[in-house]
Amino acid sequence: MEAVLGLLVISAGVSHGLETSCDAREDGSQCYGALGGTVYLQLTDATRYDELSFWKGSTGAKTEILKTKKDKLVIRDTLIRDRVHFFINNGTLRINNTRRNDSGEYLLETFNSVGVALGTRGLQLFIEAPVSSPQLSSECLSHGEMRVSCYSEGDGPQYSWTLDGQTLRDTKASSDNETNTITLKKGLSGNLTCTIRNYISSDSISKIISPCPEPGVSVFVYFQIAEVFIPLTICLGSYYFYKKETYHHEEG
């Protein structure tokens, strides 16, 4: 069965973390929530069913999270009771202060007014850490190339790179555009931007870069100077020592 992805980040920077919302009314929905934040799962349409049960775990051992019947709500799972609320008027479940172990498969069972099962729907919930503010570092390589790395914390980060607003292609960068490290070709300069994102959040950082110097030329010059300076120093030192000895000898 093809999974249905539904995610909308609706708020960032609230006191208790990120808030996300997911439409989970289709079977096989995949929803994402921010670690330590709040996630809203729309399980049903308002007043569509007379009775429903919501479970964690789709097969084998299951834990009943909540049960509603004729507009009466009972939270079954005592371990999560203080962190969940179900809005009967619109069929939305809210989970506060999300934890890693909130991730997993969930099952919704619906019934009519006489208790006859109408159907079941499954959903997959992933709780992930949002990405942190990225950092850039760069170093010059041989032949005038530049290696640039982008670092960030968070679950499942994905990277993209632009130079002066244009997406970097293989003609300008020798590594995969979706990795955290790229190698820029010789002579490139401009405003380089690294954007990092996952299913929870995104952030970016920019840096003005200049072409790397060509180290081969400067090293060659240094060797040339050394080839002249070292023998000259030896000659001058020998000459000074010779003159000093000759002077003392003549005085004697």
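In which order do the strands of the open sheet of four strands lie, and is their pairing parallel or antiparallel?

**View 1. The open sheet of four strands in the predicted model.** The strands of this open sheet follow the order 16-15-18-19, and their pairing is antiparallel. Strand 16 and strand 19, the latter spanning residues 202-209, are the edge strands, each of them pairing on one side only. Strand 18, made of residues 190-197, is joined to strand 19 by eight bridges, and the two run antiparallel. Within this pairing, T193 has S206 of strand 19 as its bridge partner. Strands of a sheet pair, as a rule, through backbone hydrogen bonds, either parallel or antiparallel.

**View 2. Two loop residues with positive phi.** D164 is placed in the loop between strand 15 (158-163) and strand 16 (166-167), and its phi is near 55°, a positive value in a residue other than glycine. With a relative accessible area of 51%, D164 counts as exposed, because the cut-off for that class is over 50%. H143 belongs to the loop between strand 13 (135-140) and strand 14 (146-151), and here too a residue other than glycine has a positive phi, near 65°. The relative accessible area of H143 is 65%, so this residue is likewise exposed.

**View 3. The largest nonpolar core and its contributing strands.** This core holds 21 residues, of which L41, L43, F54, L66, L93 and L125 touch the most other members. Two or more residues come from each of strand 5 (38-42), strand 6 (51-56), strand 7 (63-69), strand 9 (84-87), strand 10 (92-95), strand 11 (104-111) and strand 12 (117-128). Strand 12 contributes the most, giving three residues to the core. Another core lies apart from this one and comprises 17 residues, including C150, Y159, L163 and L168. In soluble globular proteins, nonpolar side chains tend to be buried together.

**View 4. The surroundings of F54.** Leaving aside residues up to four places away in sequence, F54 touches L43, T63, E64, I65, L66, L93, Y106, L107, L108 and L123. Both F54 and Y106 are buried.

**View 5. Aromatic pairs and a ring cluster.** The count of aromatic pairs in the model comes to three. In one of these, Y32 and F126 are stacked, with 4.9 Å centre to centre and 20° between the planes. Y32 lies in strand 4 (residues 29-34) and F126 in strand 12, so that this pair ties together parts of the chain that are 94 residues apart in sequence. Y32 has a relative accessibility of 5% and therefore counts as buried, whereas F126, with a relative accessible area of 25%, is partly exposed. A further stacked pair is formed by F54 and Y106, at 5.4 Å centre to centre and with 5° between the planes. This second pair links distant parts of the chain, F54 being in strand 6 and Y106 in strand 11, 52 residues apart. Ring pairs also link Y32, F126 and Y199 into a cluster.

**View 6. A lysine over the ring of W55.** K62 lies over the face of W55, at 4.7 Å from the ring centre.

Terms used. Residues are numbered from 1 along each chain as its sequence is written. This is a predicted model: local features need pLDDT of at least 70, side-chain atom pairs count only at pLDDT 80 or more; totals for chains, interfaces and linings use all residues. Side-chain values use heavy atoms; hydrogens and water are left out. Buried means under 20% relative accessible area, exposed over 50%, partly exposed in between (1.4 Å probe, protein chains only). A nonpolar core is a set of buried Ala, Val, Leu, Ile, Met, Phe, Trp, Tyr and Cys residues joined through side-chain atoms within 4.5 Å. Contact means heavy atoms within 4.5 Å. Two strands pair if DSSP finds at least two bridges between them. Rings of Phe, Tyr and Trp (its six-membered ring) pair if their centres lie within 6.5 Å; planes under 30 degrees apart count as stacked, over 60 as edge-to-face and the rest as tilted. A charge sits over a ring if NZ of Lys or CZ of Arg is within 6 Å of the ring centre and within 35 degrees of the ring normal.
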